[in-house]
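Trainee: I am new to this structure and would like a close look at one part of it. Please pick a place to start and walk me through the side chains from there.

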Amino acid sequence: MSDDAQAPELPTNLVDLLDQLVLPPEPEPVSMVPQTAGWGVLLVLVLIGVAFGVWRLHAHRQRNAYRRVALAALESCKDPAEIAGVIRRCALVAYPRAEVASLIGADWLTFLDKAAGSTAFTAGPGRAIATAPFRDGGAADAALLDVARTWVRTHKPEAT
C-alpha cells in the first residue's frame, strides 16, 4: 500500500478549513467586586461625605426658614407699617432680642444697614420704616418693598 491511501484527505477549500477550526474557550466573567480594601474605604468615605453634605444642607435650610416665611409675608404687605413689622420680626429671630427689641428711629435704621452692609435704610427708601408704625396707612411703594426683600435675603445674622 502506498502512503497516499493511508493519509486522510486534505481539505481543498476554505469552507472545509473553517469547519476544522476549534473555538477558544470563553474567559470567566470579570468580577465587579473590588479586589482591594482601599476601594471599600473610599466608598465609606464618600458615603460619609454625602451624608455630611445632606446634613449641612438640611441644617442650612432650617436656619433660614425664617427668611422664607418673611419673604412670603412681605408679598402680602400693603402698607409700610406691615413691612416694618415683618422686618422687625425677622430681625428678632436672627439677632438677640436684647440687641434688637429696644431699637427705634435712627438707631433701628443704622442697625438694619449694618446687618445688610448697605445704606438703603438710612439714606434710601427704607427710611419710611422708622416712622411707618406711627402713621396711618398709605400704600407701600415698590422701592420700599424691594429694600425690605433685599434686607431679608442678605442680612448676616450672628453665628450661633
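**Starting from a cysteine**

Mentor: Let's start with Cys77, which is buried at a relative accessible area of 11%. Keep in mind as we go that the model is predicted. What is the closest cysteine sulfur to that of Cys77? The sulfur belongs to Cys90, and the gap between the two sulfurs is 12 Å. Cys90 is buried as well, with a relative accessibility of 3%. A disulfide needs the two sulfur atoms within 2.5 Å, so at 12 Å Cys77 and Cys90 are too far apart for a bond. Seen from the other end, the result is the same, because Cys77 is the closest cysteine partner of Cys90, again at 12 Å. A search of the whole structure agrees, with a count of zero disulfides.

Let's turn from sulfur to charge. Side chains of opposite charge can pair when their charged atoms come close. Here the count is two salt bridges. One of them joins Glu75 to Arg149, where the closest N and O atoms are 3.0 Å apart. This pair ties together distant parts of the chain, since Glu75 sits in helix H4 (residues 65-75) and Arg149 in helix H9 (residues 142-154), with their positions 74 residues apart in sequence. The two ends have unlike surroundings: Glu75 is exposed, at 52% relative accessibility, whereas Arg149 is buried, at 16%.

Arg149 has another partner too, Asp146, again with an N to O distance of 3.0 Å. This time both residues belong to helix H9, three residues apart, which is about one turn of the helix. Asp146 is partly exposed, with a relative accessible area of 41%. Through shared partners, the salt bridges join Glu75, Asp146 and Arg149 into one network.

For contrast, look at Asp113, in helix H7 (residues 105-116). Asp113 is buried but has no salt bridge. Which side chain of opposite charge is nearest to Asp113? It is Arg127, at 9.0 Å, while a salt bridge calls for a side-chain nitrogen within 4 Å of a carboxyl oxygen. Beyond its neighbours within four places in sequence, Asp113 has contacts with Ser118, Thr119, Ala120, Phe121 and Thr122.

Our last stop is the surface. Trp39, Leu42, Val46, Val50 and Val54 make a nonpolar patch of about 490 Å². Val46, one of these, lies in helix H3 (residues 37-63) and is partly exposed, with 44% relative accessible area. Val54 is also in helix H3, and at 54% Val54 is exposed. To place Val54 in the wider structure, compare it with Ser76: the two are 22 residues apart in sequence and 32 Å apart in space, from C-alpha to C-alpha.

Methods
Residues are numbered from 1 along each chain as its sequence is written. This is a predicted model: local features need pLDDT of at least 70, side-chain atom pairs count only at pLDDT 80 or more; totals for chains, interfaces and linings use all residues. Side-chain values use heavy atoms; hydrogens and water are left out. Buried means under 20% relative accessible area, exposed over 50%, partly exposed in between (1.4 Å probe, protein chains only). Patches are made of residues with over 30% relative accessible area and no salt bridge: like charges are joined within 9 Å, nonpolar side chains (Val, Leu, Ile, Met, Phe, Trp, Tyr) within 5 Å. Accessible areas come from the Shrake-Rupley method with a 1.4 Å probe; for residues, only the protein chains shown count as cover. Helices (H or I, at least four residues) and strands (E, at least two) are DSSP runs, numbered from the N terminus. Lys and Arg count as positive and Asp and Glu as negative; His and the chain ends are not counted. Contact means heavy atoms within 4.5 Å.
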